[in-house]
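Thank you for making time for this; I would like to walk through a few elements of one model and say what can be read from them. Please have the sequence and the structure open while I talk.

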Amino acid sequence: MSTHEAMLYEKKENNRVQCKLCARRCLINDSAKGFCLVRKNEDGILRSLVYGKAVSAAVDPIGKKPLSHFNPGALVMSIATAGCNFRCKFCDNWMISQDQKIPGKNFPPDEVVKTAREKNCYGISYTYTEPTVFFEYAYDIAKLAHQVGFFNTFVTNGYLTPEAVKTIGPVLDAATVDFKGGGDPDFYKSYSSVPTVEPIYEALKEFRRNGVHIEITNLVIPKIGDSMDRIKEMASWIKETLGPDTPFHLLRFHPDYKMTTTPGTNVELMEKAYMTARNVGLNYVYVGNLPRHPAENTYCPQCNELLIKRHSFEITKWKLTKDMHCPVCEHKIPIIGQLHQTGARFPYALF
Ligand code: SF4
């Protein structure tokens, strides 16, 4: 189950192959692996080493992704394998994303979808580690999921090639694209070992062209990734390119992995970042990892009425009309799908 011929690669001279899944476009010698360590050239054939080999599976509220404007309240089946094409020093899933032994449990695509159904989920989320590096597994699950009426969502660092976005696009409904440190290229080089950020913006445009609902996050890290100029620049790009209704989540950093001595982001800094993005003209800015903060909520951009009240991933009050209008001024709020009342409040792991 675990070795499976890769999608999106090209055979080259001397038994080498070039992977075209992510913007690294690794040129891989025979018997070698790509940068993500989960794709291997076996005698001139590129193979995924993690196909059907899930390292984590859980039932999550969709707000955890975070997706705030897509099927609110729905439960999703989260799935991940080992591997990542980034090397973030602050990764909070480093035990699975950077594990070179490729651990995992045999969990074929049809079993994933069957389990999601049994657990009352409405969709599948490819998350925790970078779904680009388990693309073939995600793609096969996503096709089956669509056949039974489930939606599919990626939580991604956005470092996919346009070819990868175009391939997954027809079976992908939503994507959360995660920036770190305001998208500063120097930050990406120093803290994530990523040479250039431009491909992320190209992938975002490609997601949009493919009709995928997009929400964007940015991790605000004290001192090294907290520039308000960067946040302003990013918010402006989102507004101009994807539109002012694109949800933008500012996430609070907490110490992890190789950055346990960097303090968590304080509330004042998060509020400054929030106001910076709001002042650019984005209509739906949120803060994450700050439970009960008023900026977790959705407000009407026209009359400022509180429309959706949240506590972390849980919706505690819903005031929108059935067709997603503000009940006070009738402004249409861009929310895809419907409100789901599944009753479960907290995520729980299956393995
Ligand atoms: S997915 Fe892995 S092998 Fe492919 S280009 Fe990216 S890092 Fe390299």
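Which residues point one way from strand 13, and which the other way? In this predicted model, Ala174, Thr176, Asp178 and Lys180 point one way, Ala175, Val177 and Phe179 point the other way, and all of them are buried. Put as a count, seven of the seven residues of strand 13 are buried, and the strand is mostly covered.

Let me turn to the neighbours of that strand. With strand 12, residues 151–156, strand 13 pairs in the parallel sense over four bridges, and there Phe154 has Ala175 as its bridge partner. Strand 12, helix 4, which comprises residues 162–168, and strand 13 together form a β-α-β unit that is right-handed. Strand 14 also runs parallel to strand 13, and seven bridges join the two; within strand 14, Thr217 is the residue that stands opposite Asp178.

Next comes helix 7, residues 228–242, where a simple check on length is possible: at 1.5 Å a residue, its 15 residues should span 21 Å, and the end C-alpha atoms lie 20 Å apart, which agrees. The buried residues in this helix are Met228, Ile231, Met234, Ala235, Ile238 and Leu242. Seen down the helix axis, the buried residues fall within an arc of 125°, so they line one face of helix 7. As background, an α-helix has 3.6 residues a turn, so residues three or four places apart point the same way. Asp229, Glu233 and Glu240 are exposed, and they sit on the face of helix 7 turned away from its buried side.

What covers the buried residues of helix 7? The elements that do so include strand 13, helix 6 (198–209), strand 14 (213–220), strand 15 (248–252) and helix 8 (267–280). As for the ends, a side-chain oxygen of Ser227 reaches to within 3.3 Å of the backbone nitrogen of Asp229 at the start of helix 7, while Gly243, just after the helix, takes a positive phi of about 105°.

Finally, a separate topic: there is an open sheet of three strands, with the order 17-18-19 and antiparallel pairing. Strand 17 (298–299) and strand 19 (314–318) stand at its edges, each with a single partner strand, so one side of each is left without a neighbour in the sheet. Strand 18, residues 306–311, pairs with strand 19 in the antiparallel sense over four bridges, and the bridge partner of His311 in strand 19 is Glu314.

Definitions and conventions: Residues numbered from 1 in each chain as written. Predicted model: local features only at pLDDT ≥ 70, side-chain atom pairs only at ≥ 80, totals over all residues. Heavy atoms only, no water. Expected span 1.5 Å × (residues − 1). Buried < 20%, exposed > 50% of the residue type's maximum accessible area, 1.4 Å probe, protein only. Arc of directions from axis to C-beta. Contact = heavy atoms within 4.5 Å. Polar contact = N/O pair within 3.5 Å; in protein donor to acceptor, adjacent residues only side chain to side chain. Pairing = 2+ DSSP bridges. Right-handed = clockwise from strand over helix to strand, strands pointing away.
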